[in-house]
Amino acid sequence: MRFVRTDDLKTWGVGEDELSWNAIKNLESFTGKLPICEFGGESGGKAVAINANDGYDAARILLPGLHERLNGLLGESFLVAVPCRDLLVAFERKRELVTFMRPRIEEDANLGAYGLTDALFICGPDGIRPA
């Protein structure tokens, strides 16, 4: 694995849009095989985690099929967090669950060399946007 440089695009005769499309398709093809870990319950709300430890868990927030894959478990609109490179967590938009999850997301975002963000995102049929 290595980063793709601008020189690589020139050598390959590929533009950024085509590279991005191929990268998403590759990630999508591998992600379909991954198990989703469910936790939580009825009254407190449900949550799921994708944690394949392949270095691409957070990148899966970019997948166009994320909503389709998770809406049956979490509802029409749910929250997503990518606190670190190796974790994507999604959960129902229930006040108690958000209160429970927020400090854990903040902790994971500040943990180790691969922390990303403690931001929450809303995932719905129209895409993902900041919460």
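Me: Let's jump straight in. Which residues of H2 are buried?
Reply: Ile24, Leu27 and Thr31 are buried in H2. Keep in mind that we're looking at a predicted model.

Me: Thanks. Why do you say they line one face of the helix?
Reply: Looking down the axis of H2, the buried residues fall within an arc of 65°, so they line one face. On the other side of H2, Trp21 and Asn26 are exposed.

Me: And what do the buried residues of H2 pack against?
Reply: They pack against helix H3, residues 66–74.

Me: How does the span of H2 look against 1.5 Å a residue?
Reply: It agrees: H2 has 16 residues (16–31) and should span 22 Å, and its end C-alpha atoms are 22 Å apart.

Me: Good. Let me zoom out for a second. How many helices and strands are there in the chain?
Reply: The protein chain has 4 helices and 6 strands. Along the sequence, the pattern reads α-α-β-β-α-β-β-α-β-β.

Me: What box do the C-alpha atoms fill?
Reply: Taken along the principal axes, the box is roughly 55 × 30 × 25 Å. Of the 131 residues in the chain, 34% are buried.

Me: What about contacts, how many join residues at least 24 apart?
Reply: If you take contacts between residues at least 6 apart in sequence, 56% of them join residues at least 24 apart.

Me: OK, on to the strands. Which strand does E2 pair with through 5 bridges?
Reply: That's E1, residues 37–41, and E1 and E2 run antiparallel. One of the pairings puts Cys37 with Ala49 of E2 as its bridge partner.

Me: And which strand is joined to E2 by 4 bridges?
Reply: E4, residues 87–91, and that pair is antiparallel too. There, Ala47 stands opposite Phe91 in E4.

Me: Is E2 itself largely enclosed or open, and why?
Reply: Strand E2 covers residues 45–50, and 5 of its 6 residues are buried, so the rest of the structure largely encloses it.

Me: You mentioned Phe91. What does it touch?
Reply: Leaving out residues up to four places away in sequence, Phe91 touches Lys46, Ala47, Leu74, Phe78, Leu79, Leu97, Val98, Met101, Ile105 and Leu120. Phe91 counts as buried, because its relative accessibility is 0%.

Me: How far is Phe91 from Glu38, in sequence and in space?
Reply: They're 53 residues apart in sequence and 9.6 Å apart in space, C-alpha to C-alpha.

Me: Let's talk cores. Which residues have the most contacts inside the largest nonpolar one?
Reply: Ile61, Leu70, Phe78, Val80 and Ala90, in a core of 15 residues. The elements giving two or more residues to this core are E2, H3, E3 (78–84), E4 and E5 (120–124).

Me: What else is there apart from that core?
Reply: Another core lies apart from it, with 11 residues, among them Ala47, Leu79, Val98 and Leu120.

Me: Back to Val80 then. What does it touch?
Reply: Setting aside residues up to four places away in sequence, Val80 touches Ile61, Leu66, Leu88, Val89, Ala90, Ala119, Leu120, Phe121 and Cys123.

Me: Cys123, nice. How many disulfides does the structure hold?
Reply: It holds 0 disulfides. Cys84, for one, is in no disulfide, and the nearest cysteine sulfur, that of Cys37, is 14 Å away.

Me: Why can't Cys123 form a bond with Cys37?
Reply: Cys37 has the closest cysteine sulfur to that of Cys123, but the two are 18 Å apart, which is too far for a bond.

Me: Are those two, Cys84 and Cys123, buried or exposed?
Reply: Cys84 is buried, with a relative accessible area of 14%. Cys123 also counts as buried, at 2% relative accessibility.

Me: Switching to a polar one. Where does Asp8 lie?
Reply: Asp8 lies in helix H1, residues 6–12. Asp8 counts as buried because its relative accessibility is 7%, under the 20% cut-off. Aside from neighbours within four places in sequence, Asp8 is in contact with Arg2 and Phe3.

Me: Last one. What is phi for Asn53?
Reply: Phi of Asn53 is near 55°, a positive value in a residue other than glycine. Asn53 lies in the loop between E2 and H3 and is exposed, with a relative accessible area of 56%.

How values were computed. Residues numbered from 1 in each chain as written. Predicted model: local features only at pLDDT ≥ 70, side-chain atom pairs only at ≥ 80, totals over all residues. Heavy atoms only, no water. Disulfide = S-S within 2.5 Å. Buried < 20%, exposed > 50% of the residue type's maximum accessible area, 1.4 Å probe, protein only. Contact = heavy atoms within 4.5 Å. Expected span 1.5 Å × (residues − 1). Arc of directions from axis to C-beta. Pairing = 2+ DSSP bridges. Core = buried A, V, L, I, M, F, W, Y, C linked by side-chain atoms within 4.5 Å.
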